[in-house]
Structure formats: structure tokens, C-alpha cells
Amino acid sequence: MCRVALLLVVMLSLIQGSSAWAHISYGTGEGSSLHPAMYGFRTDDMVGVFSIEKRIVLAGGETSDGAEERASYPRDARLGPDLLNLTLEPRVLNATVDALNISVTLSGIGASPPAIRLVSPSGGMSVEVQLNQTASSSTRGAIYRGDICIPEDAEPGRWRISWLRASDSQGHSILLGEDELNAMGFPTYIDVNSRGSSPLQG
């Protein structure tokens, strides 16, 4: 019994005396950024019969293609022309005598003429027109103009731009809605006086 107990004590002391180490290293990624990582290896020698090697990862840094570096990349440019100017005249329109004059200035001549669509207050009526490039020149871009005639019996009230569509010389198109045009500071509605009746009343 004493020999068995002595053998167990020797085995325990050998296991406890196994080697272990750890250190902090810094590795460079593609972006040449330093990323700390603490790691180590532990080897347990089981009384000369076999050994077990364990990889211990205590901490790690973000890889070089992390969010901070991605945030520094330039954002992709939006395809399509830039809308430089938009005018609607008159802003209060008498449907019996007036026509709505629309002028649009784009950053360049498009592959096709721009178009614009307006809808009535209830959304039940709409008008659309394709604009034509004018002979007048602008250092800022190409100018397009067009007229819209709203019928005398059209729905009265505030007519709003539903969308404005334009393309660049490469055929890349943009479609701008009322909210986008508002955010850009352009007018998006006209007030129409007509002989028609509004479905929103009563």
C-alpha cells in the first residue's frame, strides 16, 4: 500500500510540473495595422506515455479589414446625372388660362430627355411631360424645359411632383421622388384653381 501511495504522489508531482507559457505578440495584416493577440501553448506530459498540446487563446485583435478601415474607404459614386436646378412656374395655377412651365438643369446632356409627373391631391389624377433641351447654354449643365396643361375640370388643390426621371450620356438613370427633391431644396408642388370638384371634400 505504501508503494502504491508513493507512486501516486510521484505521478501527481510530474503532472503539476508540466511546462506552460504565454506571451503577447503583434502581427501585421494587409493594412500594416498592429493587432494585439495573447496566446500560448500548454504541454502536459503524461508520465512519458503520451503528451497533450493545448492552444490557449486569451485575447485577440480585429483583423486588418475591420470596420474602422472600411469606414475610411471612399463611398461609391451614385450613377446618373446630378439635378442642379428645378423651377415650377407659376406656383399658383389657374387651369382655365395658365400652363405650368417646368425647367430642369442637369449636370450633362442625357441619353434621353428627362420627364416629370405630377399627381392631384387625392392621387386620382396625374399629368406627365417629357422635357426638351433648350438652345440656351449654361456653364453648369444642360437645361431642359416643358409645359404642362392641366384641364379646366381637373381636381383643384395642391398638385405634387410624383417623380422626376433623368439619365446621363451613358444611360444611367435616376428617379427622384417628392421627399428627395424636398431634401435637395427644390419646389415639389403647385396650387391649382379649376372648375373641377375635389373627392377629398365632403
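## A pair across two strands

Glutamate 89 sits opposite asparagine 101, a residue of β6. This is a predicted model. Strand β4 covers residues 83–89, and β6 covers residues 100–106. The two strands run antiparallel, and six bridges join them.

Strands of a sheet pair through backbone hydrogen bonds, in either a parallel or an antiparallel way.

## The open sheet

Which strands form the open sheet, and in what order? Four strands build it, in the order β4-β6-β10-β9. Their pairing is antiparallel.

Two of these strands lie at the edges: β4 and β9. Strand β9 consists of residues 132–133. Each edge strand pairs on one side only.

## A hairpin

Strands β11 and β12 form a hairpin. Strand β11 takes in residues 157–167, and β12 takes in residues 173–177. They run antiparallel, with five bridges joining them. Leucine 164 faces its partner, leucine 176 in β12.

Five residues lie between the two strands. Glycine 171 is in this turn, and its phi is positive, at about 90°.

## Around serine 194

Where is serine 194 found? Strand β13 spans 189–193, and serine 194 belongs to the segment after it.

What does the side chain of serine 194 reach? One target is the backbone oxygen of alanine 154, at 2.4 Å. Another is the backbone nitrogen of glycine 196, at 3.4 Å.

Leaving out residues up to four places away in sequence, serine 194 touches Ala95, Pro151, Glu152, Ala154, Glu155 and Pro156. Alanine 154 thus appears twice here: its backbone oxygen is reached by the serine 194 side chain, and the residue is listed among the contacts of serine 194.

How values were computed:
Residues are numbered from 1 along each chain as its sequence is written. This is a predicted model: local features need pLDDT of at least 70, side-chain atom pairs count only at pLDDT 80 or more; totals for chains, interfaces and linings use all residues. Side-chain values use heavy atoms; hydrogens and water are left out. Two strands pair if DSSP finds at least two bridges between them. A polar contact is a pair of N or O atoms within 3.5 Å; within protein, one must be able to donate a hydrogen and the other to accept it, and residues adjacent in sequence count only if both atoms are side-chain atoms. Contact means heavy atoms within 4.5 Å.
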